[in-house]
Amino acid sequence: MTAGTGSSTEARSTGPHAPERAGPADTADAATPTGTTAAATPTGTTAAARTAPADSAGTRTPAGTTGTTVRTAPADLPGPADPAGFAGVRPDDLPDGLVVADGTGRVVCFNTAAARITALPADRALGLPLDRALPLEDLKGRRWWALTDPYGGLATRSGQPERNLLLPGGREVLVSARYVREHPTGPVRRVVVSLRGTEARRRTERSHAELIATVAHELRSPLTSVKGFTATLLHKWERFTDEQKRLMLETVDADAGRIKRLIAELLDISRIDSGRLEVRRQPVDIAAAVGRHVHAHTTGGQSPDRFFVRIRPQLPPLWADPDKIDQILGNLLENAVRHGEGTVTIEVAPTTAGDDGEEGTEVTVSDEGPGIPEESMSRVFTRFWRGSKRGGTGLGLYIVKGVVEAHGGTITVGRGPRGGAEFRFTLPVGTPAHLL
């Protein structure tokens, strides 16, 4: 048995943090001096270290005895005295803080992460009562261990769910606890506490707040326009000519389309973050898709000379989601036109995709603008990254990356041959299994 693991053969504390509980195991252990295995064996038998391994019920039978057993508590989690741990995993290897208190309420395990989070050295924490090693308070200033009373509370309680608590000095920490019992309503033999810092959650909350602020800002302008033009038309319809009415309705239609695209982006972000982005594969003519997007830009006012399209021969057949491919091409071309300069070059070529060398299609979109600074390239595909102050939500490239990866492809960013930004994405053929 490892020393300091909360076995029933250890001396019990008389402090209020660990109420005394008498039971069959305690009665047997009371007659056993600490550190021995079975002093109360029949006369003539020797209770040396020759003991059989504990069975599944936690019973240990000294060798050479008949019918005499000593009940011990189940083995505790590995503490500092057991560096091997389970399967070679040490408590210090865990990314979260781990604190274990034995049946007397004293700390027997305090890993490195717990010491970092609490700013309490492990050698000072070991042996302390749990409420002194972790003097936690809830957000209302109430002492947490006095409030929850793990050792003297309800015998049916199995632990505490994760919640925000405060350490001395107002440091916030996420805490969850598990009460380990020999049987469902028995005394608590061990309290296992998990500690986590709040930095990651705060980053997530801040990201959500930024997303809400961005959406509110982007929605305000088109909604104001839609509301203004529709109210004007409703109240003063007869005062406008047909040409004026048409112009206002076209503006309303464009702003409604902008709102629709923004809502679609939000839905895509939600699906990407949750891993639920669906890809409905169909045969896709990617060369024709590129041509449609270039045509849309030229009819929208861009000069045809601004675009140069190169389609390499012998493109493999591509199975992908046509709507998602349009979304990728639309975002990359709009990014090149809005933030780049000079000629926008789109090249489509056959390639190999993935580690297995599967056939695929590679699409490169580059411009001749100032390009992306080297220090910003690692953030291009993150939320809210904007290459310039020319508007946009900063969500397009984040969505592009998620859509490409949902197809099993990859996307990279670099500097083009003429100095501008160059985006290159590769998609595997993606032929459905039933057609192979």
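Helices α6 and α7 run roughly antiparallel to each other in this predicted model. Their axes, those of α6 (residues 199-236) and α7 (residues 242-274), come within 9 Å and cross at roughly 155°. Since angles over 145 degrees count as roughly antiparallel, the description follows from the crossing angle. The crossing itself, as α6 passes α7, is left-handed.

The side of α6 that meets α7 contributes Leu211, Val215, Glu218, Leu219, Ser221, Pro222, Leu223, Ser225, Val226, Phe229, Thr230 and Leu233. From α7, the contact draws on residues including Lys245, Met248, Leu249, Thr251, Val252, Asp255, Arg258, Ile259, Leu262 and Ile269. Taken by character, the residues of this contact comprise 16 nonpolar, four polar and four charged.

Helix α7 also has a part in the surroundings of another helix, α10 (396-406): α7 is among the elements that cover the buried residues of α10, together with α9 (322-339), β13 (410-415) and β14. Helix α10 is mostly covered, with eight of its 11 residues buried. These buried positions are Gly396, Leu397, Tyr398, Ile399, Val400, Gly402, Val403 and Val404. After α10 comes glycine 408, which has a positive phi near 85°.

Strand β14, one of the elements covering α10, also takes part in an aromatic pair, through phenylalanine 423. A pair of aromatic rings is described by the distance of the centres and the angle of the planes. By the rule applied here, the count comes to one aromatic pair. It is formed by phenylalanine 381 and phenylalanine 423, whose ring centres are 6.1 Å apart and whose planes stand at 80°, so the arrangement is edge-to-face. Phenylalanine 381 belongs to the loop between β12 (358-366) and α10, whereas phenylalanine 423 belongs to strand β14 (residues 421-428); the pair therefore ties together parts that are 42 residues apart in sequence. Both phenylalanine 381 and phenylalanine 423 are buried.

A further buried position is found in helix α5. Threonine 148 lies in this helix, which spans residues 144-148. The relative accessible area of threonine 148 is 5%, and because buried means under 20%, the residue is classed as buried. Leaving aside residues up to four places away in sequence, threonine 148 touches Arg157, Gln160 and Tyr179.

Methods:
Residues are numbered from 1 along each chain as its sequence is written. This is a predicted model: local features need pLDDT of at least 70, side-chain atom pairs count only at pLDDT 80 or more; totals for chains, interfaces and linings use all residues. Side-chain values use heavy atoms; hydrogens and water are left out. Axes are lines fitted to C-alpha atoms, for helices over the stretch in contact, and angles run from 0 to 180 degrees between N-to-C directions. Helices (H or I, at least four residues) and strands (E, at least two) are DSSP runs, numbered from the N terminus. Angles under 35 degrees count as roughly parallel, over 145 as roughly antiparallel, 65 to 115 as roughly perpendicular and the rest as oblique. A crossing is left-handed if the near helix is turned anticlockwise from the far one by less than a right angle, and right-handed if clockwise. Contact means heavy atoms within 4.5 Å. Ala, Val, Leu, Ile, Met, Phe, Trp, Tyr, Cys and Pro count as nonpolar, Asp, Glu, Lys and Arg as charged, and the others, Gly among them, as polar. Buried means under 20% relative accessible area, exposed over 50%, partly exposed in between (1.4 Å probe, protein chains only). Rings of Phe, Tyr and Trp (its six-membered ring) pair if their centres lie within 6.5 Å; planes under 30 degrees apart count as stacked, over 60 as edge-to-face and the rest as tilted.
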